[in-house]
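Please open the structure in your viewer and keep the selection panel at hand, since this tour moves from one charged pair to the next.

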Amino acid sequence: MKLESMNKQVTEEIQKVVEKYAGRREKLLQILEEINDVYGYLNEYVMKEVAKSLCIATSEVYGVATFYSFLNTTPKGKYIIRLCQTISCDLAGKKQIANALRNELGIEFGQTTSDGKFSLEFTNCIGMCNQGPAMLINDEVYYNLDPEKAVEIVKKYQ
Amino acid sequence: MLGKKKQILFSPLEQGKALKKAVSFVPKEIIEQIKNSKLRGCGGAGFPTGLKWELAYNAPGKQKYIICNADEGEPGTFKDRLLITDHAKKILEGMCLSGYAVGATEGIIYLRAEYRYLRPNLIKAIDEMTADSLLGKNILGKNFSFNVNIHLGAGAYVCGEETALLESLEGKRGEARNKPPFPTEKGYLKCPTVVNNVETLCYVPYIVINGPDWFKEFGTIESKGSKLFSISGDVKKPGVYELEMGTSVKEVLDLVQAENTKAVQVGGASGVCIAEKDFDKPLAFESLPPGGSIIVFNKSRDMLHILKNFMEFFVEESCGQCTPCRDGTFRLLEGVKLMEQGRCSIHYLKVLRDLAQTMQIASKCGLGQLAPNSFLSIVDNFKGEILARDRAPESVHA
């Protein structure tokens, strides 16, 4: 969903979420997570509106939005592939998986496919160290990967 | 096989038995039991759990909180994932017992974003226990209520540090706080708060049922009971193992069928990397702090590559709040890259060692204080392998 040019709906959505959390400042992370879930990312307008409805500075919202790796401040693909890059997965062959995904999707890590379907990212330890290499696609976890298996899994999302 | 074996968390537990027993005692007595058991925090720091509870119990305040730290992000650690998947009710009962002891009616599980797929499992367990009157209002018909909510993290390793976790719970950037005040005095929303690791909470019902002396029968002088170890790397049988405290590294290697082992990383990226000369050492707080992660490297592995992976991790995960950690992790990684290119002088390595020691003293939180551990231990234990490498061609630096 494109965030730009739909400010009215966005404002309504934000109001809904903020009300759900009774406008409590300490729920900012939850609020941002929910809006991030709906639109895939948080743009300047969203951050300003959230700040307004919680009566805090926009910079505070921006500070939180940019601190956490699961909150996006730029548009991302519908499916975010997060390949674990930490040591156990690295030893188990992360590099080959990375190469296979790069070739299959035709993008580099940190990029999104032109059809807006996939973003490719590295992530730190996702706790699948005994079954590496492992990756997350949105909220699903995949492990014991080999290059072919990884590509097959990604294809299921296409 | 191991000569001494103690299974606590992996032994069956009758759900609710500990709570039924606990409500017949006054809260102070439960705290005494946990103190006497010498249970220590399983997140890595090893702080005495009973003492933490006592501090929160004594702290003035109407509203108190029990937080379960399920932000398991230490590289090589996955024991909490297993507990959340297969033993969720033990965690919840531990939280509820903690709430009863401390005088808290609210519990929050801080679940890392990477484990979001485990949330339905936790919600199911909460619902079932509420239906069984083991959570919620008037638990077991007594005048005691305890609610548990789940708070999702959003991807930040530093939030495993308890004060950074509290900041994150309050909807802020996960930047560690100054201590004091300690969370037991002023934690979540300035209320007295207990932050316990998932595994620590799981031991609590067993201790309440079987008594502190039973728990103390096992382990070493400073480290009682057992501990879960997440074992990965170059081994035939990776996985989560429950081992008695004091088990030696050598025994662990035999158990998981590791061959041609060159080095063992104990305690994750924040821990230390030991060489063969230290494989006889026991895993216990007084020797090799157990943390929960054991990563095994065989003789084919390049220690510099491993060190680089750890340092890249810390550069990314440093919150950037304090200079020793923010700049220190960056400089150490830069140094590792120089070594990789065969361009690090012995003199410069000494400068880096000094920097690493400064970080241990001057960093604000555990992340920066522990980040140099892997650097120092790999540099010291594998000097011959990582120093004075062949020079890489100049163009690499472009």
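**A tour of salt bridges**

Begin by selecting B:Arg331, which at 38% relative accessibility counts as partly exposed (buried is under 20% relative accessible area, exposed over 50%, and partly exposed in between, with a 1.4 Å probe and protein chains only). This is a predicted model, in which local features need pLDDT of at least 70 and side-chain atom pairs count only at pLDDT 80 or more, while totals for chains, interfaces and linings use all residues. Residues are numbered from 1 along each chain as its sequence is written, chains are lettered from A and ligands numbered from 1 in the order in which they are written, and side-chain values use heavy atoms, with hydrogens and water left out.

Add B:Glu334, partly exposed at 30%, which forms a salt bridge with B:Arg331, the closest N and O atoms being 2.9 Å apart (a side-chain nitrogen of Lys or Arg within 4 Å of a carboxyl oxygen of Asp or Glu). The two residues are three apart in helix H12 (residues 323-340) of chain B, and are therefore separated by about one helical turn (helices are DSSP runs of H or I of at least four residues, strands are E runs of at least two, and both are numbered from the N terminus).

Next, select B:Lys52, B:Glu161, B:Glu162 and B:Lys179, which salt bridges with shared partners join into one network.

Then move to B:Arg389 and B:Asp302, whose salt bridge has its closest N and O atoms 2.8 Å apart. B:Arg389 lies in the segment after helix H15 (383-386) and B:Asp302 in the loop between strand E9 (293-298) and helix H11 (303-317), all of chain B, so the pair ties together parts 87 residues apart in sequence.
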